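New to this one? Take a slow turn around the model before reading on.

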Amino acid sequence: SRVAAVFFPGPVDAFLDDDRLTGNEHVALELTRTRCGIMWSHGEEASQQGEFGRCASTFLDLFERYHEPCQQIGDHGLDEVLYNAAICLESDHHVGQAIAVRQILIDEFGEDSVQANRRGQPSPLVKQVTYQIGGSFHALAYFTKAADYYESFASRYPDAENARDALRDATLFRLRLGERNKAIANARLFERSFGRSHPSETADLLLEVGHTLARARHWSGAAEHLGAFVESYSQRVSPDLRVRGLVGLGVALWNRGPAKRGRAADHFQRALELADRGQREEETLPQRLDRYAELIESRESSRLLPFVDAVAQARFHLGEAQYDAFTNIPMPAFRPSKRLNRRVRAWWIRQEGRATVRTIERGMVALTAEERASLINLVQFRHWTETALRAWTERREEARLRAEALYHEAAREDVPEWEI
């Protein structure tokens, strides 16, 4: 073939271009097929020499001029001609033209095409170029088209080597584009297809969908999505992913209003129970980060930052919950009565002594009604300040200190967003 490529193209071309010499159709067909073989060799040679422009033009010319007589070129079909042309175009930095050629391959050799009917099946290369087109659009940052092709590839060829990557990338692109419904549909398909075989990767993708919904302030959707995640994956994935799911669910519920904040706090608390396993007293930040890394599958470093962020966020929101409790402790009302009840009088006796109280009570006979009422009110007010008001003050102080401690714990995670 190398010899033929060197010595015969000129005479073959000259013969085929001379109408007087091509009267014998059989000879002309054989020579045309010889020319196709020579052109194939030229294309391969150009590719090997790094002349990708010449490679692409040779294969495209071969397909354009001889796609009818040269259905098969040795062991190679016309689908391979287009496949090679696209590779050379892409190597020559003509990505858009490579996409167009690959689309021609899909149209000419895909399902329900003339060539597929002729062969009895689509070209196996259709599967590869569908993924490659998605990759090309990805490289061009044309994410809508990239997602379209990745989704088509993953749905048609779920067992293909790259199906998982394609569907994951398509889901992330839909999220980036704000196409939440398509992203959720992709994530659910990913879970059905790969949830059992790749639980951690599936969980990571589902979390990303849930957190994206939360960033878009679509709190009800985030709560529904992350609630399903927590229910399905609480025992199937490593602690860091469980913590992130619980915290994400807690944040979504928290932002749905005060009525949901009790449930949200429960999820934050569950997350911290997981995160604080093996915690030591006076733990330094490096020691804590090393302990956190033990909770991550294979100590994968890329998962440490989102895990620490989730832990800090849980501590911060529990601090907020405790601060809300502090501010919402109702101040007791002072409601004086005309007479001292037994409880107040008993307290007064404990404070002043029985003899003193009796002396004051005997002296009240000489007071006016207004003076007696004022004295009774004073005793009741002292009782209220020493009992109800003091208890309220102490309760508030305890709640304030608990909130402050939780805020300090959040700050110790060293995540600026959750420091106060």
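Here is a short tour of a pocket, a helix and one glutamate.

Keep in mind that this is a predicted model.

Let's start with the open space. The largest pocket holds about 490 Å³. Its lining is made up of 18 residues, and those that lie nearest the centre are H211, R215, D309, Q313 and W418. Three elements give two or more residues to that lining: α12 (199-215), α14 (239-254) and α17 (304-327). Of the elements, α17 gives the most, with five residues. As for chemistry, the lining residues split into seven nonpolar, five polar and six charged.

Next up is helix α13, which runs over residues 219-233 and has 15 residues. From first C-alpha to last, α13 reaches 20 Å, close to the 21 Å expected at 1.5 Å a residue. Its buried residues are W219, G221, A222, A223, H225, L226, G227, F229, V230 and Y233. What covers them? The cover includes α11 (180-194), α12, α14 and α15 (261-275). Two of these names may ring a bell: α12 and α14 also give residues to the lining of the largest pocket.

Last stop: E151, which sits in helix α9 (residues 143-156). Is E151 buried or exposed? E151 counts as buried because its relative accessible area is 18%, and the cut-off for buried is under 20%. Leaving out residues up to four places away in sequence, E151 touches A170, R174 and N186. With R174 and N186 there are polar contacts between side chains, listed here.

| Side chain | Partner side chain | Polar contact |
|---|---|---|
| E151 | R174 | 2.8 Å |
| E151 | N186 | 2.7 Å |

Definitions and conventions
Residues are numbered from 1 along each chain as its sequence is written. This is a predicted model: local features need pLDDT of at least 70, side-chain atom pairs count only at pLDDT 80 or more; totals for chains, interfaces and linings use all residues. Side-chain values use heavy atoms; hydrogens and water are left out. On a 1 Å grid over the protein atoms alone, a cavity is a set of points where a 1.4 Å probe fits but cannot get out, and a pocket is an open set with protein on both sides within 12 Å along at least five of seven lines; lining residues have an atom within 4 Å of a point. Grid points are joined across faces, edges and corners, and a volume is the space filled by probe spheres set on the points. Helices (H or I, at least four residues) and strands (E, at least two) are DSSP runs, numbered from the N terminus. Ala, Val, Leu, Ile, Met, Phe, Trp, Tyr, Cys and Pro count as nonpolar, Asp, Glu, Lys and Arg as charged, and the others, Gly among them, as polar. The expected span of a helix is 1.5 Å times one less than its number of residues. Buried means under 20% relative accessible area, exposed over 50%, partly exposed in between (1.4 Å probe, protein chains only). Contact means heavy atoms within 4.5 Å. A polar contact is a pair of N or O atoms within 3.5 Å; within protein, one must be able to donate a hydrogen and the other to accept it, and residues adjacent in sequence count only if both atoms are side-chain atoms.
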